[in-house]
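Colleague: Could you take me through the ligand site in this one, slowly? I'd like a close look at what the protein does there.

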Amino acid sequence: MAKITLKGLRHSYKANPSKPTDYALQQLDVEWEDGGAYALLGPSGCGKTTLLNIISGLLTPSHGQILFDADDVTKLAPDQRHIAQVFQFPVVYDTMTVYDNLAFPLRNRGVAEAEVDKRVREIAEMIDLTSTLDNRASGLTADGKQKISLGRGLVRTDVNVIMFDEPLTVIDPHLKWQLRSKLKELHQRVRTTMIYVTHDQTEALTFADKVVVMNAGQVVQIGTPVELFERPEHTFVGHFIGSPGMNVLPCEVKGGKAFYDGIEVDSWNAASCKDGNGVEIGVRPEFVSFSETDAGVPVEIAKVSDAGRFQIVDTRRGDQSIKLLVPEGVAIPEKHANLAFKTDHTQVYRDGWLVRGGHSS
Ligand code: ADP
Ligand code: MG
């Protein structure tokens, strides 16, 4: 097992890339600690599969290096990298039995039959395939086939990392939940580095200790679920993660103060932000409340939806929607209200990126 470092990685599928959008991956520098449970989260087309294929060696990057500990493996073939990859759609040998499918990666590497048998039965038990071990794989449902694929990813013990590419896409919701918990459990037991790719925030946040969020060929933040929630480094993270996502309001900064629609809004970082345009205020619905005084941002109430322990209140100021979460049982004004933003969770962004003290723009 090893720490995996991606250094200055870029990849284009085009022969002569010139502009940034010609690159499926733009400048990536990421370290995956040995033994971590990672999720790679981002919308369809952002470059997740491209990144996995580069780590596993199915694809050679246009620029940059992949290191396993201190060894440069950029030029190594996939089978020399000791990586297990589970693809989005099942890869199964239909003519073989379930048992032989699971045994395949081990036999292929000359593992002794006694050890093969032990591992196959262990993994089959874990993913509920024991009763079907003697059946031909061709007779299985899509769920069953994907479980075999998962099993084949999990059966080896000699891998640096196990990578799952949206492995539960074809699995029904109930089983999805079950398999996800099993993967998490397994990670806690074996502590092999795992990278779990998904576009679903719930899957990412429940599986991972650390989430790598990607958008448009870039990593926009690497953090724990709590960090992504509390301090989104990019407005994309703010609205992609959370439900509903972070409110993002256009604003103006003058003399270290942020103004939304001419109203001063306190934030923890506006003092570090230079005057100018391209600035936005971000505040999650969890940190917006009805003001008890006349201060705050005047809005109209547009819609109230019940979300269990909370009510989601959608308010409007002109065309701008601002959402807030209100605990159940708390009264909601009929028409007009003033909104208060919690200062230590209200932050300004420039060109999408969180403004930081010191070096920020
Ligand atoms: P994701 O897995 O996040 O959905 P991909 O890595 O599959 O994203 O794709 C990233 C970008 O690269 C997309 O714009 C996609 O159209 C493009 N792409 C992916 N595979 C190929 C390919 N084999 N040839 C050309 N373009 C590709
Ligand atoms: Mg993909």
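Modeller: Sure, let's start with T50: one of its polar side-chain atoms sits 2.5 Å from an oxygen atom of ligand 1. Keep in mind that this is a predicted model. Taken alone, ligand 1 would expose 560 Å², and the protein buries 53% of that. K48 reaches in with its side chain too, where an N or O atom is 2.9 Å from an oxygen atom of ligand 1. For Y13, the partner on the ligand is a nitrogen atom, 3.4 Å from an N or O atom of the Y13 side chain.

So who else is around? The residues about ligand 1 include a run from P43 through S44, G45, C46, G47, K48 and T49 to T50, and Y13 and A24 complete the set. By character, that shell splits into 4 nonpolar residues, 5 polar ones and 1 charged one.

Now step back to the wider setting. The chain is divided into domain 1, covering 4-235, and domain 2, covering 245-360. Where they touch, domain 1 puts in 10 residues and domain 2 puts in 16. Their centres, taken over C-alpha atoms, are 38 Å apart.

As for the packing, the largest nonpolar core has 46 residues, and I148, L154, F164, V211 and V213 have the most contacts inside it. If you want one of those to click on, try V213: beyond its neighbours within four places in sequence, V213 is in contact with residues including L41, L228, F236 and I241.

How values were computed. Residues are numbered from 1 along each chain as its sequence is written. Chains are lettered from A and ligands numbered from 1 in the order in which they are written. This is a predicted model: local features need pLDDT of at least 70, side-chain atom pairs count only at pLDDT 80 or more; totals for chains, interfaces and linings use all residues. Side-chain values use heavy atoms; hydrogens and water are left out. A residue is near a molecule or strand if one of its heavy atoms lies within 4 Å of it. A polar contact is a pair of N or O atoms within 3.5 Å; within protein, one must be able to donate a hydrogen and the other to accept it, and residues adjacent in sequence count only if both atoms are side-chain atoms. Accessible areas come from the Shrake-Rupley method with a 1.4 Å probe; for residues, only the protein chains shown count as cover. Ala, Val, Leu, Ile, Met, Phe, Trp, Tyr, Cys and Pro count as nonpolar, Asp, Glu, Lys and Arg as charged, and the others, Gly among them, as polar. A nonpolar core is a set of buried Ala, Val, Leu, Ile, Met, Phe, Trp, Tyr and Cys residues joined through side-chain atoms within 4.5 Å. Buried means under 20% relative accessible area, exposed over 50%, partly exposed in between (1.4 Å probe, protein chains only). Contact means heavy atoms within 4.5 Å. Domain bounds come from an automatic or database domain assignment.
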